Amino acid sequence: VALTLDEITFRDEVRAESTVSYMLPSEIPILQNLLDFTYRSTVTHERRCPQHCARAAPCPCVQVGGTPGLPVAFHALNALRFRATSMTGYVKKRKEIQQRRDALKCLEMSSQLAVAKYPQLKEVLANLEPSSNEAYLWYGTNIRRAFDFLDLAAGSDETAKLGLRFAESCTKADEHAMDDHGHYENVFALLLCRVCLGRFYYTTDMNSQTREEVSGFDSVLLDRAGDGCRECVVYNPKQVM
């Protein structure tokens, strides 16, 4: 959905630690490459039924070929860029991870593969640091929360306990995206975040153990069934930009 800054009525609530601006129209098709590359025609149990049927999730309504079915693509009509006026916290945490982890197992994520296939993505995305397992990951939310995302996360006890859960696939992140009341009804938000994963704990089940931070690891990599919908959990907001 294309919005003007004047239409974002809560823009004065954006923290002084960040600035917001439009991405250039010429940059939107470049960003579209990442959406296309990370799209998966896969449904998990967390996709909500828009018809609120009582069948077990994921219900037939949200499956490929269902009614209304699974979105066949996501199109970037407009995008806002958040720039932190200071990256001190993130850079300090990344350096700490690099110094603490002598030899990290390198994690190959879709964002890295997308940049390799579409080099023009380097025009809109900063270079990643492989020595700390940085990746670009999607986070589904609503418009208002998107503006204060890291501030809300930093002040939340839930973040420290349950972590911030990011998706490799835009399709998976869309399962967590929400609309909001009033002006933002039926408007959903996806954040593209730069995340420092460091040493990751690999699991195929988000059980009681991995719902909390795992000692000796910087993040959790959740790969339920090799379905292309891997998720990454970090417990320190300073690992996110």
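**Figure 1. The buried and exposed residues of helix H2 (residues 88–100) in this predicted model.** Let us start with H2, where Tyr90, Lys93, Arg94 and Ile97 are buried (under 20% relative accessible area, against over 50% for exposed and in between for partly exposed, with a 1.4 Å probe and protein chains only). Seen down the helix axis, these buried residues fall within an arc of 100°, so they line one face of H2; the arc is that of the directions from the helix axis to the C-beta atoms. An α-helix has 3.6 residues a turn, so residues three or four places apart point the same way. On the other side of H2 you will find Thr88, Lys92 and Gln99, which are exposed. The cover over the buried residues of H2 includes strand E3 (134–141) and strand E5 (189–196). Helices (H or I, at least four residues) and strands (E, at least two) are DSSP runs, numbered from the N terminus.

**Figure 2. The length of H2 from end to end.** At 1.5 Å a residue, the 13 residues of H2 should span 18 Å, and its end C-alpha atoms are 18 Å apart, which agrees. The expected span here is 1.5 Å times one less than the number of residues.

**Figure 3. Thr171 in helix H7 (residues 170–174).** Is Thr171 buried or exposed? Thr171 has a relative accessible area of 0%, so it counts as buried. Beyond its neighbours within four places in sequence, Thr171 is in contact (heavy atoms within 4.5 Å) with Thr38, Tyr39, Arg40, Thr42, Arg47, Leu70 and Phe74.

**Figure 4. Two cis peptide bonds in the loop between H1 and strand E2 (80–84).** Take a look at Pro58, which lies in this loop: the peptide bond from Ala57 to Pro58 is cis, with omega near -5°. Pro68 is also placed in the loop between H1 and E2, and the bond leading to Pro68 from Thr67 is cis, with omega near 5°.

**Figure 5. Positive phi at Asn133 and Asn186.** Asn133 lies in the loop between helix H3 (110–117) and E3. Its phi is near 55°, a positive value in a residue other than glycine. With 5% relative accessibility, Asn133 counts as buried. Asn186, for its part, lies in the loop between H7 and E5 and has a positive phi of about 65°, although it is not a glycine. At a relative accessible area of 58%, Asn186 is exposed.

**Figure 6. Confidence along the chain.** Where in the protein is confidence lowest, and where highest? Helix H6 (residues 157–162) has the lowest, at a mean of 66, and helix H1 (residues 28–38) the highest, at 95. For the protein, the mean pLDDT (the predictor's confidence in each residue, from 0 to 100) is 82, and 81% of the residues reach 70 or more. Over residues 1–16 pLDDT stays under 50, although the model has 31 contacts for them beyond four places in sequence. Where pLDDT is low, the predicted coordinates should not be read in detail.

**Figure 7. The protein as a setting for the close-ups.** The secondary structure comes to seven helices and eight strands, and 46% of the 241 residues count as buried. Among contacts with a separation of 6 or more, 73% are between residues 24 or more positions apart.

Residues are numbered from 1 along each chain as its sequence is written, and side-chain values use heavy atoms, with hydrogens and water left out. Because this is a predicted model, local features need pLDDT of at least 70 and side-chain atom pairs count only at pLDDT 80 or more, while totals for chains, interfaces and linings use all residues.
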